[in-house]
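Work through the following exercises with the sequence and the 3D structure open beside you. Try each task before you read its solution.

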2 protein chains.
Amino acid sequence: MNLRELSARRAAWMGGEGPHGDVVVSSRVRLARDLRGVPFPNRADDVARTRAFRRVTEACAGVPGLEDADTWNLDALRSADRDLFVERHLASRDLAAGAGARGLVVGKDETHSVMINEEDHVRIQSVTSGLNPAYSLERAVEMDRALEGRLEYAVDDRLGYLTACPSNVGTGLRASVLIHLPALVLAGEVRKVHRAVAGMGLAVRGWFGEGSAALGDFYQLSNQRTLGSPEEDVVSRLTKIAQRVLELEMNARERLRDAPARRLRVEDRVFRSWGTLLHARLLSVEQLMSCASDLRLGRWLGVLDVPADRLTRLAIFGQRGHLGARCGKSLDGDEEARERAEWVRSELSAST
Amino acid sequence: MNLRELSARRAAWMGGEGPHGDVVVSSRVRLARDLRGVPFPNRADDVARTRAFRRVTEACAGVPGLEDADTWNLDALRSADRDLFVERHLASRDLAAGAGARGLVVGKDETHSVMINEEDHVRIQSVTSGLNPAYSLERAVEMDRALEGRLEYAVDDRLGYLTACPSNVGTGLRASVLIHLPALVLAGEVRKVHRAVAGMGLAVRGWFGEGSAALGDFYQLSNQRTLGSPEEDVVSRLTKIAQRVLELEMNARERLRDAPARRLRVEDRVFRSWGTLLHARLLSVEQLMSCASDLRLGRWLGVLDVPADRLTRLAIFGQRGHLGARCGKSLDGDEEARERAEWVRSELSAST
């Protein structure tokens, strides 16, 4: 598999078939693990990092979900190409921006993957479509068990798994849900939801997770604590809170659908976004995401009939790294915006 | 002819076939005249106004250009319907907003018309497509001569024609050119042009003339003085200055066409406006005019192929009074914006 092929591949989670797929894009789980007796990546020298990279990639062979996986050494790639992995939610921005031997092992449909030498030696990851973090947890735990048989993890009897950052010590678990809240944003209620969710010990982040801004009304809800609660409890708590946020969003959507004047304004917005995507000659990623968000809401309202997976494709495949991989070069400024507008037009004219 | 038919009629000046029709929409001339021995309209009582209205309409019969003309008594129309005449540039806003017997005699293709009981008893008007105020002056003078044989004008041997407002005394002439300056606006140079033109004794006004704002980068240039210069000189001076402004606009367009990055941005803007017109569900008149302006520029750049007369139709027939006349009711708020968006969509899908 080369970068160009990767940039065109539909990951399983992009299909929109999961539970509440019209509101919840995806559910993901990651488990942070480190190797016993090896310095944490930020303390390791090149030799130690390279050795850790090799040990982990070798251990991945035959792990459930990683049969026929692809191994990517990000150190060998250009910065623009590393973006591709961030955009697909396979790599964190830190991993892409880091130095030395580091990378990814990625299963065929991207449900299973392992990040190597990010903050920790090992970050087991699983992602699925819709609201189903329990499924992702099961997949991650299967991978974790298989890897634990092949690697020696750093564990403390009292604390649990040891990690580079104390905030991950214990279970090393972060579970998150990427949720689309356009009606709450339109109703001016999204801040209220933020505060309520934060009060329940969850973090609310943007499209790219930690430190990223909300793009196109997509938000990521995730647990904060990794110490003192079993994995299943953390995941079931996240699921419940996400369900509550989902209900609030559905209520807001129904209010909007049933108020003719507001509905008309939203329909206008949806169709204008549709017009922008079909006609613009320059398109920023922010505007693409914002328009894709309007189209998702329009689809839910029954105003526009664009397949859900095509909307997720728009939001992922229209990002800079994906565009660059398809063109075979890195893009900047107007060139990027022009390439994006052109690709979006061809993508939408194929869908309608 | 009823209002509905009028609202659908293409006036001769809307065709865009006149000289420099891609930049200059129209050239118009009006001559202000008053009846001797009758109080000016603002001083006249109902009886005197009604008598003046009757005398002038009767005198119009058989005047060149007014054969088979329609006579409209605006006092008998609803406010929303009077807007129709303002939007077609037949009536001033003052005439529409006034009281008592007042109105219009309008020739078949709207090249020739007479406003009655606006500020003055008689305002002879002629309008033509493109940059050709001399043609409009000739038509107006023909009408004036014919009327002068049938009505007794208030004239002073030294001053010339007497009018209600001293600013019109003398020739009673106002000549104006409606010009489209999108490239000068984009280049941030339109203010400079304003100042230069004002320094040459011309006024720069908006789409609807005196006291109106610029809509969609359309500006009206007109003479200020009516005393001391023969009509032909005033008109030839206006023509020369309009030609100079036209040159500045053409230079700005050529600079824009030949600078790839700027051109790309303008193309993006043109296509986005196109997308908005094709897809919006709510459309204000300001946005319609702004998009129509972009499309006119796009047509000049060879980016979009929309017939010029269709663009002028959009800008005129999409206004509130025209929409209301077609629906047979007055519109407000969302209803107006929705009706406009719907009409624009049907209009453009018919044209492409």
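A residue counts as buried when its relative accessible area is under 20%, as exposed when that area is over 50%, and as partly exposed in between. Keep in mind throughout that the model is predicted.

**Exercise 1. A residue in a helix of chain A**

Task: Find A:S293, decide whether A:S293 is buried or exposed, and list the residues that A:S293 touches beyond four places away in sequence.

Solution: Begin with the location, since A:S293 is found in helix α10 of chain A, which covers residues 285-301. Next, apply the cut-off: the relative accessibility of A:S293 is 0%, and therefore A:S293 counts as buried. Finally, look at the surroundings, where, leaving aside residues up to four places away in sequence, A:S293 touches A:H180, A:P182, A:G216, A:D217 and A:F218.

For contrast, turn to A:E254, which is found in helix α8 (residues 231-258) of chain A. Its relative accessibility is 31%, so A:E254 counts as partly exposed. The C-alpha atom of A:E254 is separated by 9.0 Å from that of A:L301, although the two residues are 47 residues apart along the chain.

**Exercise 2. An enclosed helix of chain B**

Task: Explain why helix α11 of chain B is described as largely enclosed by the rest of the structure.

Solution: Take the helix residue by residue, from 308 to 317, and count those that are buried; 8 of the 10 residues are, so the helix is largely enclosed by the rest of the structure. The buried residues of α11(B) are B:A308, B:D309, B:L311, B:T312, B:L314, B:A315, B:I316 and B:F317.

**Exercise 3. Salt bridges within a chain**

Task: Which residues form salt bridges with B:R139, and how far apart are the N and O atoms?

Solution: Start with B:E138, whose side chain meets that of B:R139 in a salt bridge with an N to O distance of 3.6 Å. Then consider B:E142, which forms a salt bridge with B:R139 in which the closest N and O atoms are 2.8 Å apart. Both B:E142 and B:R139 lie in helix α5 (residues 133-148) of chain B, and they are 3 residues apart, about one turn of the helix. As for accessibility, B:R139 is buried at 11%, whereas B:E138 is partly exposed at 48% and B:E142 is partly exposed at 34%.

A second example in chain B is the salt bridge between the side chains of B:R263 and B:E267, at 2.7 Å from N to O. These two residues lie 4 residues apart in helix α9 (residues 260-279) of chain B, again about one turn of the helix. With a relative accessible area of 17%, B:E267 is buried. In chain A, a network of salt bridges links A:E118, A:E119, A:D120 and A:R123. Over all chains, the whole structure holds 54 salt bridges.

**Exercise 4. Where the chains meet**

Task: Describe the contact between chain A and chain B, beginning with its residues and area and ending with its polar and charged pairs.

Solution: First, count the residues: 18 come from chain A and 18 from chain B. Second, consider the area, for the two chains bury about 1700 Å² between them, with 58% of it on carbon and sulfur atoms. Of the area that chain A buries against chain B, A:L264, A:R272 and A:H279 supply 34%, more than any other three residues.

Third, turn to the pairs: there are 2 salt bridges between the chains, and A:R265 forms a salt bridge with B:D334 in which the closest N and O atoms are 2.9 Å apart. The number of residue pairs in polar contact between the chains, both at pLDDT 80 or more, is 11. On the side of chain A that touches chain B, the elements giving two or more residues are α9 (260-279) and α13 (334-351) of chain A. Of these, α9(A) gives the most, with 11 residues. The residues on this side of chain A divide into 8 nonpolar, 4 polar and 6 charged.

**Exercise 5. How the copies are related**

Task: What rotation and shift superpose chain A on chain B?

Solution: The superposition takes a rotation of 180° with 0.0 Å of shift along its axis, and its RMSD is 0.0 Å. The two copies are therefore related as by a two-fold rotation axis. Among the residues of chain A, A:G275 comes closest to this axis, at 2.1 Å for its C-alpha. The same surface serves both copies, as 100% of the contact residues of chain A recur in chain B.

Terms used. Residues numbered from 1 in each chain as written. Chains lettered and ligands numbered in written order. Predicted model: local features only at pLDDT ≥ 70, side-chain atom pairs only at ≥ 80, totals over all residues. Heavy atoms only, no water. Contact = heavy atoms within 4.5 Å. Buried area = accessible area lost by both parts, 1.4 Å probe. Salt bridge = Lys/Arg side-chain N within 4 Å of Asp/Glu carboxyl O. Polar contact = N/O pair within 3.5 Å; in protein donor to acceptor, adjacent residues only side chain to side chain. Nonpolar A, V, L, I, M, F, W, Y, C, P; charged D, E, K, R; others polar. Buried < 20%, exposed > 50% of the residue type's maximum accessible area, 1.4 Å probe, protein only. Least-squares fit on C-alpha atoms with pLDDT ≥ 70 in both.
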